[in-house]
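I opened this notebook page to keep a record of what I looked up in one structure, entry by entry. I wanted to follow a helix, the cores and some salt bridges in turn.

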Amino acid sequence: MAPLNSFVCICFLSFLLCGINAVQVTHDGRAIKLDGKRRVLISGSIHYPRSTPQMWLDLIKKAKDGGLDAVETYIFWNAHEPVRRQYDFTGNNDFIRFLKTIQEEGLYAVPRIGPYVCAEWNYGGIPVWVHNLPGVEIRTANQVFMNEMQNFTTLIVDMVKKEKLFASQGGPIILSQIENEYGNVMSAYGDAGKVYIDWCAN
């Protein structure tokens with residue numbers, strides 16, 4: 001997992017215990033704690049759109065057999081919103097089904113919502129239509145970009161909450177990440193980069 005710092009914002013979701021199988025997720029500055037106990041978690045990536053739903057169970061079982069505690073995946077904005085406000089969560093893009101499959105195998109989940117994904121993926125996962133919006137600047141304190149990012153991120157979080165997939169709801173998600181590998185580009189944006197990353201964290 002990425003270190004906790006101002007360059008990569010890891011949002012610790014699930015601080016409130018509210019469900020029979022809920023897990024309380026906290027940290028003490030040195031370690032993640034699940035139900036009050038420090039844990040060293042071994043996580044690996046499986047990107048749901050790169051395989052079919054029929055393959056997911058086998059892939060996740062193999063990950064578990066290989067010793068993983070958690071499966072992380074990017075959430076691919078340009079796969080889910082190829083056209084502004086037109087969404088696709090079917091087939092290979094059914095990330096809710098993917099997260100539920102992780103849960104069924106007894107593993108934790110770490111969705112990395114982005115918006116930027118460093119995954120050898122077109123435009124870093126940011127839809128082409130976002131690049132073409134008038135006045136937009138990508139991944140900085142730009143209201144046009146932030147409005148679109150917030151719309152998508154809120155949609156994803158609301159979908160996950162509705163399905164009760166956060167650990168505080170009894171689900172598998174113990175962590176979630178917003179933004180990604182921002183330290184590589186933050187200095188180029190100057191003060192606007194800091195404003196943006198603080199906004200992301202908030």
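The entries below go from the annotated domain to a helix, then to the cores and the salt bridges.

**Entry 1: the model and its annotation.** I noted before anything else that this is a predicted model. I then looked up the record, where an unreviewed UniProt entry lists residues 33–201 as "domain: Glycoside hydrolase 35 catalytic". Over residues 33–201 I found the chain to be 39% helix and 14% strand, with the end C-alpha atoms 20 Å apart.

**Entry 2: helix α5.** I checked the length of helix α5, residues 143–162, against expectation: at 1.5 Å a residue its 20 residues should span 28 Å, and the end C-alpha atoms are indeed 28 Å apart, which agrees. I listed its buried residues as Phe 145, Met 146, Glu 148, Met 149, Phe 152, Thr 153, Ile 156 and Val 160. Looking down the axis of α5, I saw that these buried residues fall within an arc of 165 degrees, so they line one face of the helix. On the face turned away from that buried side, I found the exposed residues Gln 143 and Lys 162.

I also asked what covers the buried residues of α5. The cover includes α2 (77–80), α3 (95–104), β7 (108–114), α4 (128–131), β8 (176–178) and α7 (191–201). Just after the helix, Lys 164 takes a positive phi of about 55 degrees.

**Entry 3: Thr 153.** I picked out Thr 153, which is found in helix α5, and asked whether it is buried or exposed. Its relative accessibility is 14%, under the 20% cut-off, and therefore Thr 153 counts as buried. Leaving out residues up to four places away in sequence, Thr 153 touches Ile 113 and Ile 178.

**Entry 4: the nonpolar cores.** I reminded myself that in soluble globular proteins nonpolar side chains tend to be buried together. Here the largest nonpolar core has 44 residues, of which Phe 95 and Phe 145 touch the most other members. The elements giving two or more residues to this core are α1 (53–65), β6, α2, α3, β7, α4, α5 and α7, and the largest share, 6 residues, comes from α5. Apart from neighbours within four places in sequence, Phe 95 is in contact with Tyr 48, Ile 75, His 80, Phe 89, Ile 156, Met 159 and Val 160. I noted as well a second, separate core of 10 residues, which includes Ile 32, Ala 70, Val 110 and Ile 174.

**Entry 5: salt bridges.** A search of the whole structure gave me 11 salt bridges, and I followed some of them. In one, the side chains of Arg 38 and Asp 28 meet at 2.7 Å, N to O. Arg 38 lies in strand β4 (residues 37–39) and Asp 28 in the loop between β2 (25–27) and β3 (32–34), so the pair ties together parts that are 10 residues apart in sequence. Asp 28 is partly exposed, with a relative accessible area of 32%.

Glu 72 forms a salt bridge with Arg 112, the closest N and O atoms being 2.8 Å apart. This pair links distant parts of the chain, with Glu 72 in strand β6 (residues 70–74) and Arg 112 in strand β7, 40 residues apart, and both residues are buried.

Glu 81 forms a salt bridge with Arg 85, with the closest N and O atoms 3.3 Å apart. Glu 81 counts as buried at 0% relative accessibility, whereas Arg 85 counts as partly exposed at 35%. Through salt bridges that share partners, Glu 81, Arg 84, Arg 85 and Glu 148 are joined into one network; I had already listed Glu 148 among the buried residues of α5.

Methods
Residues are numbered from 1 along each chain as its sequence is written. This is a predicted model: local features need pLDDT of at least 70, side-chain atom pairs count only at pLDDT 80 or more; totals for chains, interfaces and linings use all residues. Side-chain values use heavy atoms; hydrogens and water are left out. Helices (H or I, at least four residues) and strands (E, at least two) are DSSP runs, numbered from the N terminus. The expected span of a helix is 1.5 Å times one less than its number of residues. Buried means under 20% relative accessible area, exposed over 50%, partly exposed in between (1.4 Å probe, protein chains only). The arc is that of the directions from the helix axis to the C-beta atoms. Contact means heavy atoms within 4.5 Å. A salt bridge is a side-chain nitrogen of Lys or Arg within 4 Å of a carboxyl oxygen of Asp or Glu. UniProt positions are given in the numbering used here, feature names are shortened, and annotations may be inferred rather than shown by experiment. A nonpolar core is a set of buried Ala, Val, Leu, Ile, Met, Phe, Trp, Tyr and Cys residues joined through side-chain atoms within 4.5 Å.
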